[in-house]
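Trainee: Could you walk me through how the side-chain contacts in this model get their labels?
Mentor: Happily; let us look at the model together.

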Amino acid sequence: MDRPFRFAAVVRGAESARAWADKARRLEGSGFDVLLVPDHLVGPRFAPVAAMTAAACATSRLRVGTLVFANDFRHPAVLAKEAATVDLLSEGRLELGLGTGWMAADYASAGLALQPPGVRVDRLAEAITVLKGLWADGPFTFHGEHYRITGLEQWPKPARRPHPRLLLGGGGPRMLRLAAREADVINLGMRVRADGTGPDGLDGGLEAFLAKVDVVRRAAAGRYDRIELGTSIQQLGVRRPDEPWSAADSSRQDETPQVLLGTRQDIADKLRYWRDTHDLSYFVLHHERDLEAFTPVAEELAGR
């Protein structure tokens with residue numbers, strides 16, 4: 001299948017408006033297609049909507065998005081209007097990442113109830129139905145277990161029709177099956193613990209990662225060719241061609257694409273392998289500290 005590479009970078013903040021705009025422009029000029037902002041209530045991070053809008057205003061080609069909006073923090077009718085406005089003002093450059101919300105510290109600090117994963121996934125599924133319904137033409141009605149919408153018609157509508165590109169991330173089977181049914185972009189990640197304290201350490205490794213690709217492929221059925229599949233680069237180590245491997249690095253060469261170690265050519269070859277063999281073409285640089293080292297790879301592969 002014809003899947004050109006696309007690269008995104010998570011950017012969490014800056015010391016001023018000018019510095020934020022400069023970061024966005026540097027991404028736009030260096031092989032990256034998307035600037036992504038996270039959504040947590042705790043920690044040193046910008047709020048997503050304002051940050052995306054400022055980045056879009058500072059650029060002309062760069063797409064803006066979230067990795068990912070926490071559904072539990074926003075009613076989907078509110079998010080639908082915010083997202084449509086950002087998409088309109090950015091001339092269709094929004095890539096809306098959406099998840100359940102998961103980090104226990106967010107919920108505890110804000111006095112929110114962290115419900116079991118199944119409840120949160122069911123609520124997210126309803127929220128996606130509401131979002132897509134409100135982005136369509138005409139009044140929308142939906143009566144579910146978690147949301148009730150009655151004859152609501154919103155303006156503006158998003159610039160991109162029928163709706164902005166929707167990114168869903170996840171590692172558990174239920175979340176992956178939902179993403180396979182609904183998403184335009186899927187970010188394969190690790191399953192998180194039910195109590196929201198962090199990734200589930202039992203979920204890592206190559207075999208588990210390939211199983212997730214298979215879950216998506218099976219669940220997507222006839223729409224698989226329309227899905228952009230990818231993951232986040234969690235560990236990057238670029239070495240010179242004449243620099244020897246350490247024993248630890250040598251043992252990790254065959255791991256998932258979330259770990260990229262080697263020369264720039266090694267890393268580019270590994271990404272080509274995962275695109276050509278397993279259909280992954282959308283790669284998110286998770287740590288801003290790795291931008292300088294990874295940019296030459298992004299410039300070489302972007303759009304190819």
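The talk below sets contacts in this structure against their definitions.

Mentor: A word on the ground rules: this is a predicted model, where local features need pLDDT of at least 70, side-chain atom pairs count only at pLDDT 80 or more, and totals for chains, interfaces and linings use all residues. Residues are numbered from 1 along each chain as its sequence is written, and side-chain values use heavy atoms, with hydrogens and water left out.

Trainee: Why is the contact of Phe-7 and Phe-294 called edge-to-face?
Mentor: Rings of Phe, Tyr and Trp (its six-membered ring) pair if their centres lie within 6.5 Å; planes under 30 degrees apart count as stacked, over 60 as edge-to-face and the rest as tilted. Here the centres are 5.5 Å apart and the planes make 70°, so the pair is edge-to-face.

Trainee: What parts does this pair tie together?
Mentor: Phe-7 lies in strand β1 (residues 6-10) and Phe-294 in helix α10 (residues 291-301), so parts 287 residues apart in sequence are tied together. Helices (H or I, at least four residues) and strands (E, at least two) are DSSP runs, numbered from the N terminus.

Trainee: How do you know whether Phe-7 is buried or exposed?
Mentor: Buried means under 20% relative accessible area, exposed over 50%, partly exposed in between (1.4 Å probe, protein chains only). Phe-7 has 0%, so Phe-7 is buried; Phe-294, with 1%, is buried as well. Both rings belong to one aromatic cluster with Phe-5, Phe-32 and Phe-283.

Trainee: What makes Asp-72 and Arg-123 a salt bridge?
Mentor: The term asks for a side-chain nitrogen of Lys or Arg within 4 Å of a carboxyl oxygen of Asp or Glu. Their N to O distance is 3.0 Å, so the pair qualifies. Asp-72 lies in the loop between β4 (69-70) and α3 (76-89) and Arg-123 in helix α5 (residues 117-135), so the pair ties together parts 51 residues apart.

Trainee: Why do Lys-212 and Asp-203 count as a salt bridge?
Mentor: At 2.6 Å, N to O, they meet the cut-off, so the label holds. Lys-212 is buried at 5% relative accessible area, and Asp-203 counts as buried at 6%.

Trainee: Which residues are joined into one network by salt bridges that share partners?
Mentor: Arg-6, Asp-33, Arg-61, Arg-63, Glu-95, Arg-165 and Glu-228. Among these, Arg-165 and Glu-95 meet at 3.5 Å, N to O, and both are buried.
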